[in-house]
Amino acid sequence: MNPAPVIEIDHLTKYYGKREIIRDLSLKVPPGSIYGFLGRNGMGKTTTIRILLGLEDPTRGSSTVFGEDSRKLSPETRARIGYLPEGHHVYGWMTVRECGRFQASFFPKWNQDIFETVITHFRLTDKMKTGHLSRGQRAGLCLALTLAPEPELLVLDDPALGLDPVARRSLLQSMLYVTRRPDRTILFSSHLLSDVERVADRIVVLDGGVLRADCTVETFRERLRHYVLKFRDTPPPTPEMPGLLESFRTDNEIALTVANPDAETEASLAGLHPESVNPVEMTLEDAFVSYVGERGEKSFFIKEQTRK
Amino acid sequence: MKSLIWKEWRENLKWALLAMVALGAAEMYALYHTQYPGQLDIYHTSGITICKKEFLMVTTFGSAAVGLLLGLLQILPELRKDQWAALLHRPVSRGVIFAGKVLAGLLLYALATVPPFLLSVWLAASPGHFATPFVPDMVLPGAADIGTGCVYYFAAIAMALQRDKWAGLKAFPVLAALHLSYFVTSNDLFYVVVEAAILMALALLVAGWATMLHQEKLHARPWAGKAAFLAVVFYGACGMGDVAKSIFEAVGPAVHSRNSEYYVSDKGVPLRVTTEDNVTVSVTDLDGKPFSDSQYQPGQVRSHLLYMNSFSSYIGDSHGWHPWRFQPRYRDSRDFIWSLNAYDHPRFEQWFFLVNERSFVCYLVAENKAVAKLDARGFQPALAEPMPLPPECDWSEIGDHLIFPGGKSASFVSLPLRTSTEPPLPEPGPIFGVSTAYCQKGNESMAVFGMALSRGMAVYDRKGALLTTLPYHQDMDRWGQLEMGFIGAGNLAEHFYLIYQPSEWIDKNTRSSMPSYLEEMDVHGQVLHTWTLPPLPPYHQSRNWKDFIAKRIQSPAFFFGNMGYQKIGAILGSKRLGNDLARQLGQDRRQTREISLYVACLSVALAGITFLWARRVHFSQSRAWAWTAFVLLFNIAGFIAFRLASDWPRLVACPGCRSKRPIHENECPECGTGWPAPPAEGTEIMEHNARAVPAGAGV
C-alpha cells in the first residue's frame, strides 16, 4: 500500500482577476521524495506554493498538506513544514544570533547544531547585522532558519534566485547535507533545471498554469528527442506531428525537438525524405528550455526570405 | 507572542520616539502660543491651557496622524509577498501574530502620545506656569483625542491588511475613524464620546483581526469579523458623507438667515432692526418706516443701541422658565472654568469661576499664582479648602463687581476691594432673576444690575446702592420675560426702559402672535411712555441642503433605532432623551414624518436593486437575501457596502453555453456543465507510478 501523500493537490484552479494562473492542477507528492517544481517565470509555481501553505485561497479545487486542508493549517502542522520564500527576507536590524533566537521562539523543535553548521558554511558570525549581509549570505541565513526546526516537509520557493553560481552551489550543498534523511520530503521550485537536476528525483513542470510533466528526471530526459534533418536543398515545411515542441529551420536543415517520440514520429520524419536524420543527445537544460520555450516553427537564414 | 512584541517594539521604536518628540514640540508651542503676541488673552476666548483651541488642534490631528502612521509602518513594509508569507508561516495562529503586532503597536502609540500630553498637563496643573486654574476635567478633551488617535491606529492596521484599492474599500477604515473624529469634536458629552470611541475601536480591531485571518474573501471570515467589517464600511460611508458635507459647505449654496428684533436707541426711540446673516439690513420705526437720521442707518445703528442684556438672559419669569441654559461641552474649558470678563485695563489679577467647585479663584497675572478665593464663606486665602457656593446660588457680573441673588436678599461683591454688602430689598423676595444693563455717553459709562421681584424691578448700581424700583404695568404671568435698559452716565441714570415679552412657558404658536410692550420710566418709576410692539416675523433660515439631504438618506436602522433608544431612555427616566423624543414627535412632527417616508422609500428601492443585482451576478439565494436585508437596514451606506465589500463574483464566458458564469463555481448556473480539462497537446510527460527515492540519493 502506498503511504499517504504529504502534499495532495486536487483540480486546483486560481484566477487573478479574470486571468487564469493555474488551471486544473492535480498532484500528489509522496513522503520522502524530492520534487523539483519547474516552469518559466509567471507560470504559477509560487502561486501554487502559496496556496499549498494557505497563504492564498484557490479559486476552485483544493489542496492538503499532511492531510490537512491548506486553508486551515494548524500551527502544529506549520511547525512540520519548513518554508523558504523567494527573496530571502531577514529583519535588517537584527543580528544573526537575534534572527536565530527570534525564529527558535516559535518552533517546538530547534536544532542549534544545524543552525550553526549552515551559518558557518556561509561564513556568518553571530554578531553580524543581517542588514549588512550579501545576498548569498542572506540566503544562507534564511536556509539555516528554515532547516534548524528540522521540518518534515521543506518547501523552497526558488531558493537560488538572484545568487551567483558559487552561492547557489553552496546553498544547494548545505540543503542536501542537512536534509539527507529518508523521511524528509522536499518541494523546491526553480526556473533553472540545472539547480533541480542535482537534487530532485522527480520533476513537475508547469507551463501556462497547466501541468505538463510529472516524472523522474531520467524519464524527462528520455522522453525528449532532438533530431537534425539534413536536406540537399531547401527543406520542406515541417509536418504536423504529435509531441512536436519546436522546429528550427535553416537553409538546408530542420532541427526538431519532440516529446514522447515513437515509431510514428520517426516515420513522419522519414516521410520528409531528408538526406540524413541524426538524433542528437540533449543536455537536460536544453531539453527543459525546449519543453517550456515558445512552441512552433522558427527559422533562420532561409534562402527565400533572404531573396525577398 | 513575547518574541513578536519584542520584534515589533524594536522595529518601530524609532518612529514612536520621533513622533513623541514632534508631538511634544507641537504641544509645547500650542500651550505657550498666544493669539495676540505680547498681550494677555484675559478673556481666554480660545480656552484655557490644555483646552485651548490651538492645543486641541495638535492633540486632535497629531494623535490621529501618529496612530495612522504607526499602524501603516507596522504593516506596510512587511506586506511584501515573501516577507509577509515568512511571517504568516510561523507555527502560531494568525490571531497571535495580530495580537503581538497590536499590543506592541499600542505600547508604541502610548509612548508617542501620552508623555507629551502628561508633560502639558503637569505644566498646566502645577503652580507657577500659567495664571489660570486647573481642574481635572480639563484633561478630558486631550484624553478623548488620544483615544481617537488609537482608533486611527486600528484603522491603519485594518486598512493596510485589506486587499483592495487604496481609493476603494481600503480607505473605509480611515473614513470610519474620520467619522469618529467629527463626532468627538462636535459632541458635547464626554461619556458619549468615550462610548463611541470604544465601539469604533472595537469594530476596527475585530475587522482588522478578521482581515488578518482571511485577507481575500469576506464570507470566509468569522461572523464577528464580518459584522465588524460591515460596521466599519457603514461608518466609512458615513465618514465619506462627512467629507462630502464639508466640501458642500465650502462650495455649495450658503445658508441665509433673517431675523427681526426690537431695540431702544440711546435717545430712547424704539427700533425694529432686521438682520440678514447677522448683518443689519434695515432699521425702521414701529410702523415700518425707515429713519432719515444717519445714526439709524443699518451700518451705524449698532453704536446707538442700549445694551439690555438681551443676548444672555431673560429675567423675571414668574413660572421659573429659563429658556437659555449653558450647554456643557466637554471640549470647552468654559464648561469647567469661567473667566470673569472684567474690562479694567491693565489688570493685575484675574478672577475665575470654577464650575464644579462652585467657587471663585483669583490669579496674580504677573506671577502666575493663585492669591485668593471666594466661596460660600466669603473671601479666603488661595490655599484654603473651598466651601462650594450653594447649587441654587446664581451670580452676575459687571466689571469686577458681582451680585449673588439669594432667595430673600442679594450680596454685592467688590473683587478688588475684597468686600461684600447685602443691602435690603425694596420688597420681599423671591428674586426671579438678575440682569445687567450698560450705557455709554461720550467718554462716560455706567452699568447697573436689575433685579426682578414680584411687583417691580429693583435697579442697583454696581456697588449695591438702590437707584430705583420700576413697577410692572403688564400681566406678568403672560409677559414675564423682561429686558431692562437705561440712559445715563457716571452715577446718574435718567430714563429706564422695560421690554415685556411673551412668557416662554406659552406655546410657540401662541407666543408668535402676541405683541410685546415697551415702557419708558423716569428715575421714580413713573411711566413716561408706553409702546405696543407688534409681533415680529419668526426667525427664518433658508434651507440647509447639506442637512436636508443627509437626514433623508440616513440609515433606517439608526433613524428608527434612535427613536426607540430615546423612548427606552425616556421610560428609564432620562430627561434629555425624553425631551429629544418629545421634540421629534411634537414640534418637529411634520419633518419627522417626512424624513421617515424618504428614508423608508429610498431603503426599499435600494434593497430591491440589491436583490436583483445580486441574483444577476449569481449570488446564492441566501446571500442575495442577506445583502438585501442589510441594504434595507442601512440605506445608501449599506448599498455602498454591498457593492464594495461583498465577495463580488468574477464572471467569465461559459465554454458550454457562452453565458457569464462565476469562476469559483464548479458548475455553470445556466447549463450545468463543469469546466473542461486543459486540452492535451501530446507533449505531456506523465509517469504516475514512479517510486519515491530517498532524499539526496541522486547526488
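**Exercise 1. State what share of the residues in chain A is buried, and describe the chain as a whole.**

Solution. Of the 308 residues in chain A, 55% are buried, and this value, like those that follow, comes from a predicted model. The next step is the fold: the secondary structure of chain A comes to 11 helices and 15 strands, and its C-alpha atoms fill a box of roughly 70 × 40 × 40 Å along the principal axes. Turning to contacts with a separation of 6 or more, one finds that 69% of them in chain A join residues 24 or more positions apart. The last step concerns the outside and the charges: about 13,400 Å² of chain A is accessible surface, with 49% of that belonging to carbon and sulfur atoms, while the mean positions of its 40 positive and 42 negative charges are 5 Å apart.

**Exercise 2. Locate Lys45(A) and find the nearest side chain of opposite charge.**

Solution. Begin with the helix, since Lys45(A) lies in α1 of chain A, which covers residues 45–52. Lys45(A) is buried and has no salt bridge. The nearest side chain of opposite charge is that of Asp158(A), at 5.2 Å, whereas a salt bridge calls for a distance within 4 Å. Finally, beyond the residues up to four places away in sequence, Lys45(A) touches several others, including Phe37(A), His191(A) and Leu206(A).

**Exercise 3. Decide whether Lys165(B) and Trp166(B) are buried, partly exposed or exposed.**

Solution. Place both residues before judging them: Lys165(B) is in the loop between α5 (139–161) and α6 (172–186) of chain B, and Trp166(B) is found in the loop between α5 and α6 as well. Lys165(B) has a relative accessible area of 64% and is therefore exposed, because the cut-off for exposed is over 50%. Trp166(B), at 46% relative accessibility, counts as partly exposed. As to surroundings, Lys165(B) gathers with Lys18(A), Arg650(B) and Lys660(B) in a patch of positive charge on the surface, while Trp166(B), leaving aside neighbours within four places in sequence, is in contact with Leu72(B), Leu76(B), Met159(B) and Ala171(B).

**Exercise 4. Describe how helix α3 of chain B is covered, and name the residues of the nonpolar patch that includes Trp545(B).**

Solution. Helix α3 of chain B, residues 81–88, is mostly covered, with 6 of its 8 residues buried, among them Trp84(B) and Leu88(B). For the patch, note that Trp545(B) sits in helix α10 (residues 545–552) of chain B and is partly exposed at 38% relative accessibility. Together with Ile549(B), Ile553(B) and Ile636(B), Trp545(B) forms a nonpolar surface patch of about 320 Å² of accessible area.

How values were computed: Residues numbered from 1 in each chain as written. Chains lettered and ligands numbered in written order. Predicted model: local features only at pLDDT ≥ 70, side-chain atom pairs only at ≥ 80, totals over all residues. Heavy atoms only, no water. Patch = residues over 30% accessible without salt bridge, like charges linked within 9 Å, V, L, I, M, F, W, Y side chains within 5 Å. Areas by Shrake-Rupley, 256 points an atom, 1.4 Å probe, with all protein chains shown as cover. Lys, Arg positive; Asp, Glu negative; His and termini not counted. Charge placed at Lys NZ, Arg CZ, Asp CG, Glu CD. Helix = DSSP H or I, 4+ residues; strand = E, 2+ residues; numbered from the N terminus. Buried < 20%, exposed > 50% of the residue type's maximum accessible area, 1.4 Å probe, protein only. Contact = heavy atoms within 4.5 Å.
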